[in-house]
Amino acid sequence: MTSISLTPSNIYMILGFLLSLYTCVSNDVIQTLGTFLSANQNRPFWVLWIFSGTVLVLTFVLGWYFNNGDMAFGRLTKIPFANEFYWWHVLPPVVIILLTKKGIPVSTTFLILSVFSSNTVIGLMLAKSFFGYILAFICSFLLYFIIARPVEKIFLYTRDRKPQKRWIIAKWGATAFLWSQWLMQDAANLFVYLPRKLDVWQMSLCMLAFVLLLGIVCYQRGGEIQNILKLKTNTQDIRSATIIDFVYALILMYFQHVNNVPMSTTWVFVGLLAGREVAMYNRIRFETQKKVYKHVVKDFLKTVFGLGVSIVTVLLINHFDKIRTLIHHYFNL
């Protein structure tokens, strides 16, 4: 086992990893486990915890093994490991925690990875994430425009019935598929603080911390940000939730093969829900136009606000020395 001395740099590295681990899970759980938690409100939290934890461990252990110790699935090849860590490297996950408490879907990718990235990589991440929103919106709109009346309309009028066993099995399968795809896509956010190659003991400790924090999120049933999902049309129906998860997982799988540049899965998820809501309104008119577009615009503005906060925070951190010099010079005039 590789020993790590508790220098200030290593302390900030470990603290940054643990905080980013918690923020990524608590902030992004709505994208992956949100419909799963909503559709299984009557089940004990530990059942959901064991299931999601098992998928998590299998995904990362297999990834670690086949990628020769790389826990990020190659998504950090353009982002070098920092030689020294300072207190401001811990700031991004702290900001995410504060925004998550307010239910704002801030992008963990932009806020955490941008601190360690060049301007070129940040631009690539932004472009890929915006394209992800547009693609998810279009795919979701087209799909639900087709299935809203023959499928979702039936779900809406039979949502009080007990779901068939095949839908329960399908839901758990779709959740496992989506959860694994999200972990592979967002692994860069989780492991940017750690060396790019981990030994078996380091990997095991990371998995232990991840599983314990996942248990907290399952116990809280997703937290405040879960309301973004609950306000959407019939998302708590296990059949509708299964379709959402499967479509989202396929989109993330597509982006796995586009390139190894990290992207914001938050933007993809918000785009998917927006396209779904607009298509559902146009086909079955289950909600009022004002209410539908209010939710769509509100979620988009929240995401843009989160992006704005991310960019400002990164600029302050990356130019901290210059800002401090200017302030010092100004007050000493």
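This briefing describes how two helices pack together and which salt bridges occur in the structure. The model is a predicted one. Helix 6, residues 119–157, packs against helix 10, residues 238–256, and the count of salt bridges comes to three.

**Packing of helix 6 and helix 10**

- The two helices meet at an angle of about 150°, and their axes lie 11 Å apart.
- Because angles over 145 degrees count as roughly antiparallel, helix 6 and helix 10 are roughly antiparallel to each other.
- Their crossing is right-handed, and the residues that make the contact include Phe-131, Leu-135, Ile-147 and Glu-152 of helix 6 together with Ile-243, Val-247, Ile-251 and Phe-255 of helix 10.
- The residues of this contact divide into 14 nonpolar, two polar and three charged.

**The salt-bridge network around Arg-276**

- Arg-276 forms a salt bridge with Glu-152, with the closest N and O atoms 3.6 Å apart, and this pair links distant parts of the chain, since Arg-276 lies in helix 11 (residues 265–284) and Glu-152 in helix 6, 124 residues apart.
- Arg-276 also forms a salt bridge with Glu-277, where the closest N and O atoms are 3.4 Å apart.
- Glu-152, Arg-276 and Glu-277 are thereby linked in a network of salt bridges; Arg-276 and Glu-152 are buried, and Glu-277 is buried too.

**The salt bridge between helix 7 and helix 10**

- Lys-171 forms a salt bridge with Asp-245, the closest N and O atoms being 2.2 Å apart.
- Lys-171 belongs to helix 7 (residues 165–191) and Asp-245 to helix 10, so this pair ties together parts that are 74 residues apart in sequence.
- Both Lys-171 and Asp-245 are buried.

Terms used: Residues are numbered from 1 along each chain as its sequence is written. This is a predicted model: local features need pLDDT of at least 70, side-chain atom pairs count only at pLDDT 80 or more; totals for chains, interfaces and linings use all residues. Side-chain values use heavy atoms; hydrogens and water are left out. Axes are lines fitted to C-alpha atoms, for helices over the stretch in contact, and angles run from 0 to 180 degrees between N-to-C directions. Helices (H or I, at least four residues) and strands (E, at least two) are DSSP runs, numbered from the N terminus. Angles under 35 degrees count as roughly parallel, over 145 as roughly antiparallel, 65 to 115 as roughly perpendicular and the rest as oblique. A crossing is left-handed if the near helix is turned anticlockwise from the far one by less than a right angle, and right-handed if clockwise. Contact means heavy atoms within 4.5 Å. Ala, Val, Leu, Ile, Met, Phe, Trp, Tyr, Cys and Pro count as nonpolar, Asp, Glu, Lys and Arg as charged, and the others, Gly among them, as polar. A salt bridge is a side-chain nitrogen of Lys or Arg within 4 Å of a carboxyl oxygen of Asp or Glu. Buried means under 20% relative accessible area, exposed over 50%, partly exposed in between (1.4 Å probe, protein chains only).
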